[in-house]
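Visitor: I'd like to walk through this model with you, one question at a time. Could you show it to me?

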Amino acid sequence: MKSFVLQLTATPDSIDELGHVNNAVWVQWIQQVATGHWDAAAPQAHKDAYIWVVVRHEIDYLRALGPGETVTAWTWVADKPKGAKFDRFMEFTDADGKVHVRARTVWALLDKASGRPLRVTAEVVAPFLD
């Protein structure tokens with residue numbers, strides 16, 4: 001598996017006082033998509049040994065999403081990791097292909113047992129790179 005796709009629908013709890021998906025919900029969705037990709041692609045031994053934490057989010061909010069509307073989230077990794085860090089890219093598009101949100105997130109790999117950062121090895125990143 002190289003990229004990962006997930007559909008998300010705005011529920012009433014997702015909507016803010018402006019009538020669209022709240023920015024904090026988009027951040028939750030980014031994490032949901034990223035962890036879904038890890039769960040779908042990583043071997044069980046890696047899931048048992050490692051955990052990822054967010055280091056940075058860069059998010060461009062391009063179009064509002066209203067109640068009941070659905071977006072398709074697409075995530076991929078385009079570059080090799082740098083030490084413990086791993087860059088992930090995302091786009092959330094509607095049925096017409098219009099991008100609502102675009103993001104680049106940086107994650108760090110931790111040893112689950114100790115909580116210490118680990119260098120991302122070629123073996124760990126292989127299921128995610130083209």
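Visitor: How many bridges join strand E4 to strand E5?

Guide: Quick ground rules: this is a predicted model, where local features need pLDDT of at least 70, side-chain atom pairs count only at pLDDT 80 or more, and totals for chains, interfaces and linings use all residues. Residues are numbered from 1 along each chain as its sequence is written, and side-chain values use heavy atoms, with hydrogens and water left out. Strands here (E, at least two residues) and helices (H or I, at least four) are DSSP runs numbered from the N terminus, and two strands pair if DSSP finds at least two bridges between them. E4 covers residues 85–93 and E5 residues 99–111, they run antiparallel, and the bridges joining them number 9.

Visitor: Which residue in E5 stands opposite Lys85?

Guide: E4 and E5 run antiparallel. Opposite Lys85, on E5, you'll find Ala108.

Visitor: What is the strand order of the open sheet?

Guide: There are 5 strands with antiparallel pairing. E1 (4–9) and E2 (50–61) each have a single partner strand, so they stand at the edges with one side lacking a neighbour in the sheet. From one strand to the next, the twist averages 25°. Read across, the order is E1-E3-E4-E5-E2.

Visitor: What angle does helix H1 make with E1?

Guide: H1 (residues 23–41) packs on the sheet, touching E1, E2, E3 (70–76), E4 and E5; contact means heavy atoms within 4.5 Å. Axes are lines fitted to C-alpha atoms, for helices over the stretch in contact, and angles run from 0 to 180 degrees between N-to-C directions. For H1 against E1, that comes to about 145°.

Visitor: Which residue in E4 stands opposite Ala73?

Guide: E3 is joined to E4 by 5 bridges and the two run antiparallel. Ala73 belongs to the covered face of E3, along with Val71 and Thr75. Across from Ala73, in E4, stands Phe92.

Visitor: Is Met90 buried or exposed?

Guide: Met90 lies in strand E4 and touches residues including Ile30, Val33, Ala34 and Trp74. Buried means under 20% relative accessible area, exposed over 50%, and partly exposed in between, using a 1.4 Å probe and protein chains only. Its relative accessibility is 1%, so Met90 counts as buried.

Visitor: What kind of aromatic pair do Trp38 and Trp52 form?

Guide: Rings of Phe, Tyr and Trp (its six-membered ring) pair if their centres lie within 6.5 Å; planes under 30 degrees apart count as stacked, over 60 as edge-to-face and the rest as tilted. The structure holds 8 such pairs. Trp38 and Trp52 sit 5.6 Å apart centre to centre with 80° between the planes, which makes the pair edge-to-face.

Visitor: How many residues apart in sequence are the parts tied together by Trp38 and Phe128?

Guide: Their ring centres are 6.0 Å apart and their planes at 10°, so this pair is stacked. Trp38 is buried at 10% relative accessible area, and Phe128 is buried at 1%. Trp38 lies in H1 and Phe128 in the segment after helix H3 (122–125), so the parts tied together are apart in sequence by 90 residues.

Visitor: Which residues do ring pairs link into a cluster?

Guide: We've met Trp38 paired with Trp52 and stacked with Phe128. The cluster linked by ring pairs consists of Trp38, Trp52, Phe86 and Phe128.

Notes:
Lists of a residue's contacts leave out its neighbours within four places in sequence.
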